Amino acid sequence: MMENKYTIIINPAAGSGLGKKNWDNVRSLLKSKGISYTAYFTNDYESTINYCHEQIDLGARDFIVIGGDGTMNEIANSIFSQSDVDAKDFSLSVIPVGTGNDWCRTFKIPFDYKKAIEIISKGNFMYQDVGKVSFYVGNEKHSRYFVNVAGMGFDAFVAYKTNLKAGKGRGSAFSYLWNLLRSLFQYRSTDTNIRFDGEKFANMVFSISIGIGKYNGGGMMQCPNAVPNDGLFDITIINKMNKLEIIRNIKRLYDGSHIDHPKIDSFRSRKIKLESEPPIKIEVDGEVCGNSPFEFEIVPQGLKIGVPG
């Protein structure tokens, strides 16, 4: 069994290198709170999954992420991709160091390290829903879990562009907005069909967000009415618009008022199937995974998370 209570996964590249740069500061704050742990610097998705599975076999049940939404996604997938231990027996807490930190915004987890560690030390938890989506890489079908928002179409296109820059140390919320504006001149709306809970939706679609949490894209409130433990996905569909309309309404994404726009539809559902011609990309928790068609299902209150009291 584990001697240390927490298994900490550190993304050294998070926040353009802040994950590594600020580790000594975080470590001293953890020590001041008497928090015992074993730490691991993640390299990539597969190595993180393998390491977490090894730690789970040794008895690890409580994880802390020092990073952003992508690193949190990796730990969630580590938990749900094994079957030896019930997922509800684990806990997942976050010290935000990432570029977007959008998951934290829904739960009002502060970006200040000291305050985030204070929350962890108090041990206050709740259960949130978890999404599972299947997608294609070439002709092969894959699946992945997510804890915040899945974005398709234009949203995933921008995430792809932003992640390229983040890999070169230039990722930020500003770079997401800059890539969003640049991508407007490259992306085209697609003929999309969506089925959810017995209903059908078909239109030329620009972008789709399916949320458990409210935010993505570095503070954009894409799914403003999302409740993370209600057992339902919140779906925001931005139908085809001209470039000027999009630019004029970007600011509305930050306060959630965009869902009142006549060319934006919103729904709630437990299961979703989506097809598009041509195929579109998907990002989950900021990580671009594959292409349509997609199938979504929700795991109600499937993950215990550390939150403010």
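How do the residues of the lining of the largest cavity divide into nonpolar, polar and charged? In this predicted model, the lining divides into 12 nonpolar residues, 4 polar residues and 1 charged residue. The cavity itself has a volume of about 190 Å³, and it is the largest of the 3 cavities of 30 Å³ or more that a search of the whole structure finds.

The lining of this largest cavity is made up of 17 residues, and those that lie nearest its centre are F154, F206, I238, I246 and L253. Several elements contribute to the enclosure, since at least two lining residues come from each of α7 (154-166), α8 (173-183), β9 (199-211) and α9 (243-249). Among the contributors, α7 supplies the largest share of the lining, with 3 residues.

The second largest pocket offers another lining to examine. About 170 Å³ of space lies in this pocket, and the residues that line it are K132, V133, S134, K141, R195, F196, K271, I272, K273, E295, F296 and E297. Two or more of these residues are given by each of the strands β5 (125-137), β8 (190-196), β12 (271-277) and β14 (287-306). By character, the lining of the second largest pocket divides into 7 charged residues, 4 nonpolar residues and 1 polar residue, whereas the lining of the largest cavity has 1 charged residue among its 17.

Helix α6 shows how burial can be arranged along a single element. Within this helix, which spans residues 113-122, the buried residues are Y113, A116, I117, I119 and I120. Seen down the axis of α6, these buried residues fall within an arc of 150 degrees, so they line one face of the helix. An α-helix has 3.6 residues a turn, so residues three or four places apart point the same way. On the other side of α6, by contrast, K114, K115 and K122 are exposed. The buried residues of α6 pack against both strands and helices, namely β1 (6-10), β3 (62-67) and β4 (91-96) together with α1 (14-21) and α2 (23-32).

The two ends of α6 can be described in turn. At its start, a side-chain oxygen of D112 reaches to within 3.1 Å of the backbone nitrogen of K114, and K114 is itself one of the exposed residues on the other side of the helix. After α6 comes G123, whose phi is positive, near 65 degrees.

Technical notes: Residues numbered from 1 in each chain as written. Predicted model: local features only at pLDDT ≥ 70, side-chain atom pairs only at ≥ 80, totals over all residues. Heavy atoms only, no water. 1 Å grid on protein atoms, 1.4 Å probe; cavity = no way out; pocket = protein on both sides within 12 Å on 5 of 7 lines; lining within 4 Å. Points joined across faces, edges and corners; volume = space filled by probe spheres on them. Helix = DSSP H or I, 4+ residues; strand = E, 2+ residues; numbered from the N terminus. Nonpolar A, V, L, I, M, F, W, Y, C, P; charged D, E, K, R; others polar. Buried < 20%, exposed > 50% of the residue type's maximum accessible area, 1.4 Å probe, protein only. Arc of directions from axis to C-beta. Contact = heavy atoms within 4.5 Å. Polar contact = N/O pair within 3.5 Å; in protein donor to acceptor, adjacent residues only side chain to side chain.
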